[in-house]
Amino acid sequence: MAKEKIDELNRQLGKMLERDGIKNAFYYEPGPEYFAAPEGVVKIAFCNLEPYYRNDKSELLNGFCRFPNEKFEFTEDGSDEQWSKVKTIRWTEIINYAIDYNLNGKHGPKIENEFGDKITEENLKRIHSTQNEDLWQSLIKCAAYFNFRYTGGKGVAQHGSDIVSLYYDANKKDYINFYKEYVKALECNVLVLGGKISCELANKIYPGLNLSFNDDTDDIKFHDGVLFVSIKHPSRIGYAYVAEVANKISDAYKEIK
């Protein structure tokens, strides 16, 4: 039922976007193996702020996005190669690997439980240098990646009035409800929010969450059955930070289980 619910919600989103005159918009789907994961596997989701484009024609790179209806004028590109080289996505691959390793062990393509109980900076450096394709495949197949942003643009700027207004405009409360329903339908156990504005939007959408953010620390809160994690924007992190965050997440998750 979960996949069917995601499809239903995205159909609703398409109608909302069309109603509000939002063109060049898109929605998000989990990876193909996300809902087929074995029982007991911790499901990981990532939410950032920006869509990505390949060239001046504003062609959306394939991998995570589909379009609500045929009126939106984008052409999908079949190449995953350049998409996976985007800095934010590259580091999200590594975060996903680290959390997946700590919480799921051998789950995922060619992930072997060879590092002990917790992953380290050195582990991540070695894995990233030797298993780039495995990291990418683990993200697109086994994780849910989406954005607060549904609108399109010619650049890759992470935020702007077009994002914030969807959640702060009193006349557009259905976008807040959509976000909540989407996260619920994902059935994710861990939701990683990248960047300050993502943290602020999560607090707007979930009153009582009270997630905090600054450039030096991360925050973790269990709310509505999901472990919410606020981190630096993925384009601004490194191996040591990823290992630290992944280990904090695994400690926090094991405490609530």
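Two strands pair if DSSP finds at least two bridges between them. With that criterion in mind, the tour of this predicted model begins at the sheet.

**The sheet**

Select strand β2, residues 44–48, together with β4. These two strands pair in the parallel sense, over four bridges. For a single point of reference along this pairing, display N48, whose bridge partner in β4 is N147.

Next, extend the selection to the whole sheet. It is an open sheet of five strands, ordered β4-β2-β5-β7-β6, and its pairing is mixed. At the edges stand β4 and β6, each of which pairs on one side only. From one strand to the next, the twist averages 20°.

**Helices on the sheet**

Now add helix α2, residues 87–104. Helix α2 lies across β2, β4, β5 (190–194) and β7, and runs at about 155° to β2. Then bring in α7, which also packs on the sheet. The strands touched by α7 are β2, β5 and β7, and the direction of α7 makes about 125° with that of β5.

**Aromatic pairs**

Turn to the aromatic side chains; a search of the whole structure finds eleven aromatic pairs. Start with F146 and Y182: the ring centres are 5.1 Å apart and the planes stand at 55°, so this pair is tilted. F146 belongs to strand β4 (residues 144–147) and Y182 to helix α6 (residues 173–186), so that the pair links distant parts of the chain, 36 residues apart. Both F146 and Y182 are buried.

Move on to Y206 and F228, an edge-to-face pair with 5.0 Å from centre to centre and 65° between the planes. Y206 is found in the loop between α7 (196–205) and β6 (219–223), whereas F228 is in strand β7 (residues 226–231); the pair therefore ties together parts that are 22 residues apart in sequence. Colouring by accessibility is useful here: Y206 is buried at a relative accessible area of 4%, and F228 is buried at 1%.

Which residues should be shown together as one aromatic cluster? Select F146, F148, Y167, F178, Y179, Y182, Y206 and F228. Both pairs just visited, F146 with Y182 and Y206 with F228, have their residues in this cluster.

**Charges over rings**

Two further stops concern lysine side chains. At Y34, the charged end of K43 sits over the ring, 5.2 Å from the ring centre. At Y241, the charged end of K232 takes up a position over the ring, 4.8 Å from the centre.

Conventions: Residues are numbered from 1 along each chain as its sequence is written. This is a predicted model: local features need pLDDT of at least 70, side-chain atom pairs count only at pLDDT 80 or more; totals for chains, interfaces and linings use all residues. Side-chain values use heavy atoms; hydrogens and water are left out. Rings of Phe, Tyr and Trp (its six-membered ring) pair if their centres lie within 6.5 Å; planes under 30 degrees apart count as stacked, over 60 as edge-to-face and the rest as tilted. Buried means under 20% relative accessible area, exposed over 50%, partly exposed in between (1.4 Å probe, protein chains only). A charge sits over a ring if NZ of Lys or CZ of Arg is within 6 Å of the ring centre and within 35 degrees of the ring normal. Axes are lines fitted to C-alpha atoms, for helices over the stretch in contact, and angles run from 0 to 180 degrees between N-to-C directions. Contact means heavy atoms within 4.5 Å.
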